[in-house]
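Please work through the exercises below with the sequence and the coordinates at hand. Each task is followed by a solution in steps.

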Amino acid sequence: MAVLVLLDHDGTAIKQPARSAVAAAGRLGEVHALVAGEGVAGAAAAAAKLEGVARVLVADAPALAHLLAEPAAALLVSLAPGYTHLLAAASADGKNIMPRVAALLDVPFIAEVAGIVDAATFVRPIYAGNALATVRSADARCVLTVRAASFDPVPAEGGAAPIEAVAVGELASPGRFVSAQLSESVRPELTAARVVVSGGRGMASAEAFRLLDAVADRLGAAVGASRAAVDAGFVPNDYQVGQTGKIVAPELYIAVGISGAIQHLAGMKDSKVIVAINKDEEAPIFQVADYGLVADLFKALPELAAELERSE
Amino acid sequence: MKIVVPVKRVVDYNVKVRVKTDATGVETAGVKMSMNPFDEIAVEEAVRLKERGAAAEVVAVSLGVAACAETIRTALALGADRGILVETQVELQPLAVAKLLRAVVEREQPGLVIMGKQAIDDDMGATGQMLAALLGWPQATFASKLVIEDGGLVVTREVDGGMETLALPMPAVVTADLRLNEPRYASLPNIMRARKKPIATLTPAELGVDPAPGLAVLTVVEPPRRQAGRKVETVAELVAKLRNEAKVI
């Protein structure tokens with residue numbers, strides 16, 4: 001039997017965390033990718049090109065327009081009989097929908113899988129990543145979300161999977177989508193960015209994040225923040241990197257004015273290279289940083305932006 | 001309308017957890033335990049709804065060992081009216097908790113269940129969605145704003161890249177994200193008052209639920225440690241290292 005992956009998409013392209021979920025799924029069996037939504041032909045075509053996808057299922061219906069949990073879970077449950085595993089990236093949609101699917105199937109839910117031991121045995125972080133638990137399911141069917149940072153995404157090109165429409169039955173949607181207020185940004189998404197520049201409490205104000213923007217512009221980076229910076233109201237919550245925010249693992253993570261609370265480290269310690277800029281040389285962030293610069297960020301950031309420009 | 005708020009007893013947010021040497025779990029003996037922070041936000045939201053006249057009663061429910069009654073007391077001190085303890089020695093996992101909560105909800109018939117989006121111990125983030133599924137109720141997870149309007153809910157949710165707003169009929173399950181509110185501190189008079197509020201005790205058997213875990217926890221180990229690197233003296237040196245040594249820019 002095959003495994004089914006619910007793909008995150010924006011209507012035309014497949015999001016990077018979903019490509020990591022496909023990579024994880026490939027370790028478990030033949031991968032069938034589910035593209036659900038309304039008007040998703042473009043995303044389905046993109047899904048067919050993903051390396052490692054054997055078949056693309058398209059569920060295109062008005063009831064799935066904003067992928068509300070109730071109709072999306074009902075759809076997955078209707079498809080479940082053909083699959084040993086149902087998985088998704090641990091994105092907002094994956095976290096919202098997959099536990100509902102698990103309960104409807106009366107099986108445990110396995111969140112944020114970071115390692116696959118065998119078809120029923122998975123490694124996942126607990127206590128904000130301060131411990132790793134290996135768990136084994138006794139059920140024939142597993143429902144899980146995958147921590148994207150732990151699996152290299154499959155290439156976006158290289159596959160040529162057939163696309164087939166699935167019959168979407170009556171999907172009740174008791175809830176109604178009202179509106180979306182998405183942060184307007186020309187930057188890459190935090191969880192998909194190759195470089196992330198994050199600010200913490202040390203930034204001291206919302207205005208100071210413009211200093212980070214200047215560095216991020218030079219590096220094509222996403223801008224993140226610690227929970228302390230979010231709590232202080234410097235930036236919106238979707239900037240938050242950490243246990244209660246987003247988990248990222250970019251090639252380069254630059255932590256500026258971030259002390260390095262456990263909860264923040266949980267969200268970025270799998271980054272390939274970590275840089276810390278902090279005026280307190282005792283800050284715990286230096287214990288995980290590959291390169292540490294003890295400096296006043298209000299001087300260092302403009303210098304960094306200038307140096308990046310100069311040496312380009 | 002009645003609101004049910006499930007609250008979980010977890011290792012306190014500020015405790016640095018230690019993995020047991022026999023790799024069976026994390027050390028909880030002699031460790032400070034508190035209410036899961038996200039559940040505290042859920043309690044606060046329920047109490048505010050009651051204070052605004054949108055709810056008549058707030059019932060706090062905790063599941064687990066007898067000491068979970070302390071967690072219920074905390075909720076009562078924050079303004080919940082009464083408590084229900086579902087007492088068991090079994091290590092509860094989200095699906096079992098959801099089944100037990102369904103049984104409690106069927107008895108209590110609330111119009112709304114508000115709970116934390118995840119517990120900071122197992123980081124599963126599943127129980128709210130599972131409870132909604134078992135009840136056949138709509139759900140709004142990761143809520144940062146909740147309004148009761150014309151007998152329905154309008155909930156703003158934290159999603160990737162921003163926020164979205166949903167309208168849901170009630171009854172429904174809402175899970176609280178960080179910015180839903182800032183929980184109050186319990187005042188001394190309210191802590192005293194909470195001692196007199198009732199807590200009923202039930203068992204999984206009385207609720208007709210088998211609480212056995214579906215997942216076997218094979219090992220719990222420490223994650224690999226990251227080695228501290230080195231300090232650089234100047235911004236120019238940093239950029240040079242990133243370019244020539246780490247080759248990431």
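The exercises treat the interface, the sheets and the helix packing in turn.

The model is a predicted one, in which local features need pLDDT of at least 70, side-chain atom pairs count only at pLDDT 80 or more, and totals for chains, interfaces and linings use all residues. Residues are numbered from 1 along each chain as its sequence is written, while chains are lettered from A and ligands numbered from 1 in the order in which they are written.

**Exercise 1. Describe chain B as a whole.**

Step 1. Chain B has seven helices and 13 strands; helices (H or I, at least four residues) and strands (E, at least two) are DSSP runs, numbered from the N terminus.

Step 2. Along the principal axes, the C-alpha atoms of chain B fill a box of roughly 65 × 45 × 40 Å.

Step 3. Of the 249 residues in chain B, 50% are buried. A residue is buried if 20 or more other C-beta atoms lie within 10 Å of its own, exposed if 12 or fewer, and partly exposed in between, with C-beta atoms placed from the backbone.

Step 4. Among contacts in chain B between residues at least 6 apart in sequence, 69% join residues at least 24 apart. A contact requires that the C-beta atoms of two residues, placed from the backbone, lie within 7 Å.

**Exercise 2. Characterise the side of chain A that touches chain B.**

Step 1. In total, 70 residues of chain A are in contact with 65 residues of chain B.

Step 2. The most is given to this side of chain A by helix H4 (residues 92-104), with eight residues.

Step 3. By class, the side of chain A that touches chain B comprises 40 nonpolar, 15 polar and 15 charged residues. Here Ala, Val, Leu, Ile, Met, Phe, Trp, Tyr, Cys and Pro count as nonpolar, Asp, Glu, Lys and Arg as charged, and the others, Gly among them, as polar.

Step 4. Strands also pair between the chains: strand E8 (residues 131-137) of chain A and strand E12 (residues 215-221) of chain B are antiparallel, with six bridges. Within this pair, A:Leu132 has B:Val221 as its bridge partner. Pairing requires that DSSP finds at least two bridges between two strands.

**Exercise 3. Determine how H4(A) and H4(B) pack.**

Step 1. The axes of H4(A) and H4(B) are 8 Å apart, and the helices pack at an angle of about 45°. Axes are lines fitted to C-alpha atoms, for helices over the stretch in contact, and angles run from 0 to 180 degrees between N-to-C directions.

Step 2. H4(A) is therefore oblique to H4(B). Angles under 35 degrees count as roughly parallel, over 145 as roughly antiparallel, 65 to 115 as roughly perpendicular and the rest as oblique.

Step 3. The crossing of H4(A) and H4(B) is right-handed, that is, the near helix is turned clockwise from the far one by less than a right angle, whereas anticlockwise would be left-handed.

Step 4. Residues of H4(A) in this contact include A:Asn96, A:Pro99 and A:Arg100, and those of H4(B) include B:Gln129 and B:Met130. By class, the contact of H4(A) with H4(B) has eight nonpolar, two polar and one charged residues.

**Exercise 4. Repeat the analysis for H8(A) and H7(B).**

Step 1. Helix H8 (residues 297-310) of chain A and helix H7 (residues 235-245) of chain B have axes that come within 9 Å and cross at roughly 50°.

Step 2. H8(A) and H7(B) are therefore oblique to each other, and their crossing is right-handed.

Step 3. H8(A) contributes A:Ala300, A:Glu303, A:Leu304, A:Glu307 and A:Leu308 to the contact, and H7(B) contributes B:Val235, B:Ala236 and B:Val239. The classes are six nonpolar, no polar and two charged residues.

**Exercise 5. Identify the edge strands of the seven-stranded sheet in chain A.**

Step 1. The strand order of this open sheet of seven strands is E5-E9-E4-E1-E2-E3-E10 (chain A), and the pairing is parallel.

Step 2. Strand E5 (109-113) and strand E10 (163-165) of chain A are at the edges, each with a single partner strand, so one side of each lacks a neighbour in the sheet.

Step 3. On average, neighbouring strands of this sheet are turned by 25° against each other, direction ignored.

Step 4. E5(A) is joined by three bridges to strand E9 (residues 142-146) of chain A, and the two run parallel. A:Phe109 stands opposite A:Val143 in E9(A).
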